[in-house]
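Trainee: I have a structure open and no idea how to read it. Could you walk me through a few features?

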Amino acid sequence: MPQPLDLAVAGNGTIAALIDTAARVTWLCWPRLDGDPVFCALLDGEMPQHGFADVELLHRAGSVQRYRRNTAIVETELADRDGNRLLVTDTVPRFRRRGRMFRPPMLVRRVQPLSGRPRIRLRIRPRFGWGAEAPEIRPGSNHISYRGPAEDMRVSTDAPIGFIGHETPFALDRPLALIIGTDESLTEPPAELARRFEEETTSYWQEWVRLLNIPFEWQEAVIRAAIALKLCAHDDTGGIVAALTTSIPEAPGTIRNWDYRFCWLRDAFFTVQALNRLGATRSMEKFVCYLTGAVLGDAGVPLRPVYPLVPDGPMLETEASALAGFLGHRPVRIGNAAVDQQQNDAWGSVILAAVQMFFDQRLPRPGDRALFRQLETLADAAAEAALTPDAGIWEYRGRNRVHTFSAAMCWAAVDRMARVARHLGLADEAARFAGRAAPIRAEILRRAWSEREGAFVESLDGEGLDAALLLLPEIGVIAPTDPRFLATVAAIERTLARDGLLLRYSAPDDFGTPETAFVVCSFWLVDALHGIGREEDARALFERILSLRNHVGLLSEDVDPRTGQLWGNYPQTYSQVGLILSAMRLSRSWEEGFWRAW
């Protein structure tokens with residue numbers, strides 16, 4: 001169904017533009033993924049008057065939006081009531097140039113007439129300072145500069161500058177190019193540059209996709225999810241944002257509006273895991289460099305759950321008062337207070353994200369003893385933290401407990417370091433970590449099991465269920481066929497399912513009772529059902545979740561189980577990860593689906 005989050009994403013690992021079905025750029029942070037949203041209309045009420053760039057087709061009667069096959073290039077076809085049609089193609093350049101990846105903060109828009117003489121109005125209305133500052137506008141002979149207090153932008157074009165400056169309607173009788181980028185002169189005509197950047201970016205993405213190890217079934221869905229994950233990975237530093245937006249609420253009428261344009265160690269681990277499964281290991285290598293080069297650079301400094309893309313940057317949580325919010329839902333938040341929480345699963349997230357570096361023979365620089373020594377202190381810290389209280393995976397702001405998932409991830413950190421030590425021939429270290437891991441696992445299995453609930457519960461010696469318990473086999477704490485896990489799956493289905501989709505938890509928290517389903521939790525249930533042998537149920541639920549994707553195949557963080565409307569920050573890495581991992585598990589093999597003739 002049409003919905004507010006029917007947005008396509010064009011990006012390149014430096015910036016990302018969210019574009020609606022009318023070809024309006026409603027969100028673009030500048031000059032990187034966590035920057036000032038110079039196009040911020042997405043968070044400025046239902047009828048924003050600024051903070052966007054669009055190609056307004058007069059008397060528009062319909063539109064079709066799609067991705068160019070196997071790319072991050074967005075094509076939006078608009079038609080008016082008289083049958084005139086045009087095509088807007090949005091490219092954020094990304095390709096190899098002079099031995100390096102060329103990925104400038106630049107959006108290239110090509111506007112082409114397809115039939116008739118459509119009448120259009122080009123409107124470019126950036127804002128600075130989170131919607132509070134109107135730019136100083138300076139037109140040139142073939143460009144318009146938009147100057148802000150900290151950053152400047154320029155639109156270089158072969159369209160009439162006067163028509164753009166005055167937003168004058170005119171007949172589109174030839175292709176036009178608009179290049180939105182830094183306030184610098186172009187070295188070649190806009191039309192030629194736009195065509196070349198579009199062609200080279202098409203080639204880059206199609207080659208990147210060609211090398212993916214995709215499942216036989218649901219190929220298009222997996223490819224689109226993989227590209228979305230790639231767009232959330234910041235090339236410059238290696239950090240991976242949890243989503244490209246801030247403050248899209250988890251449900252209508254809630255103040256659960258958070259800024260997800262930061263690198264959660266947990267979310268980044270899951271993203272790395274999914275891309276690794278597809279054979280796209282560069283994001284893992286870059287993320288490990290981000291960790292070892294900056295996050296883990298100071299020995300003895302406590303590990304935080306979330307970091308900025310430049311790890312020592314600010315994350316103070318404030319509010320942008322100039323913006324009316326997504327569909328009018330305030331507040332609009334900048335920064336995230338989760339940075340000050342204790343989330344013990346972070347130790348496991350770092351180590352599990354790095355473990356494949358030691359075993360993957362394809363890598364030009366595999367993990368070595370030096371990397372092991374850098375991670376060794378984290379594993380010791382994980383062992384100490386495993387059975388201590390924290391805010392948990394769901395980042396409760398009002399309470400701390402010894403959360404089962406956090407304890408399990410700490411155990412995994414210690415367990416995996418024992419395996420790495422054995423692989424590196426470090427017998428003493430392997431024995432030491434194995435000896436520390438075993439009692440932690442035993443305590444988890446003993447204290448997380450509740451006879452009263454007849455299931456594992458969300459905290460040790462506690463009560464209540466959360467969907468993260470479905471990951472216990474994935475982490476390796478328990479086999480999926482263990483009767484205790486079977487009972488836990490059944491209890492979670494009874495307690496957390498709403499119209500077949502899962503809440504994270506059902507008990508009230510700091511902000512009330514959750515209302516919407518957390519998309520990745522339903523994927524976790526798919527994986528659990530597959531693991532316990534309920535294959536038909538798993539496939540049915542997977543297909544149900546796929547039907548909730550928006551018009552270009554992407555998912556946000558949450559969904560209303562009753563209406564199917566997507567809520568929460570977008571596109572959410574967790575959700576795309578869940579799609580990829582579940583598809584890889586459920587799909588028939590290529591041999592079963594293609595090679596066999598019977």
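Mentor: Sure, let's go through cores, a helix, some strands and a few rings.

Mentor: Two ground rules: this is a predicted model, where local features need pLDDT of at least 70 and side-chain atom pairs count only at pLDDT 80 or more, while totals for chains, interfaces and linings use all residues. Residues are numbered from 1 along each chain as its sequence is written, and side-chain values use heavy atoms, with hydrogens and water left out.

Trainee: Which residues touch the most other members of the largest nonpolar core?

Mentor: The general idea is that in soluble globular proteins, nonpolar side chains tend to be buried together. A nonpolar core is a set of buried Ala, Val, Leu, Ile, Met, Phe, Trp, Tyr and Cys residues joined through side-chain atoms within 4.5 Å. Buried means under 20% relative accessible area, exposed over 50%, and partly exposed in between, using a 1.4 Å probe and protein chains only. Here the largest core has 206 residues, and Trp208, Phe287 and Trp524 touch the most other members. Helix 8 (residues 404–423) gives the most to this core, with 13 residues; helices (H or I, at least four residues) and strands (E, at least two) are DSSP runs, numbered from the N terminus. There's also a second, separate core of 10 residues, which includes Tyr260 and Phe262.

Trainee: Why does Leu378 count as buried?

Mentor: Because its relative accessibility is 8%. Leu378 lies in helix 7 (residues 369–385). Setting aside residues up to four places away in sequence, Leu378 touches Leu296, Trp347, Val350 and Ile351, where contact means heavy atoms within 4.5 Å.

Trainee: What about helix 12: how many of its residues are buried?

Mentor: In helix 12, 11 of the 13 residues are buried, so this helix is largely enclosed by the rest of the structure. Trp524 and Asp527 are among those buried residues. They pack against several elements, including helix 11 (483–496) and helix 13 (535–546). Helix 12 (residues 519–531) spans 19 Å from its first C-alpha to its last, close to the expected 18 Å; that expectation is 1.5 Å times one less than the number of residues. Just after helix 12, Gly533 has a positive phi of about 95°.

Trainee: And how do I read strands?

Mentor: Strands of a sheet pair through backbone hydrogen bonds, either parallel or antiparallel. Two strands pair if DSSP finds at least two bridges between them. Try strand 3 (residues 25–30), where 6 of its 6 residues are buried. Strand 3 is joined by 3 bridges to strand 2 (residues 16–20), running antiparallel, and by 3 bridges to strand 4 (residues 36–39), also antiparallel. Follow Leu28: it is the bridge partner of Ala17, and Leu28 has Phe39 as its partner in strand 4. Strands 2 and 3 form a hairpin with 4 residues between them, while 5 residues join strand 3 to strand 4 in another hairpin.

Trainee: Last one: what kind of aromatic pair do Tyr260 and Trp264 form?

Mentor: A pair of aromatic rings is described by the distance of the centres and the angle of the planes. Rings of Phe, Tyr and Trp (its six-membered ring) pair if their centres lie within 6.5 Å; planes under 30 degrees apart count as stacked, over 60 as edge-to-face and the rest as tilted. The count comes to 25 aromatic pairs. Tyr260 and Trp264 are edge-to-face, 5.5 Å centre to centre with 70° between the planes.
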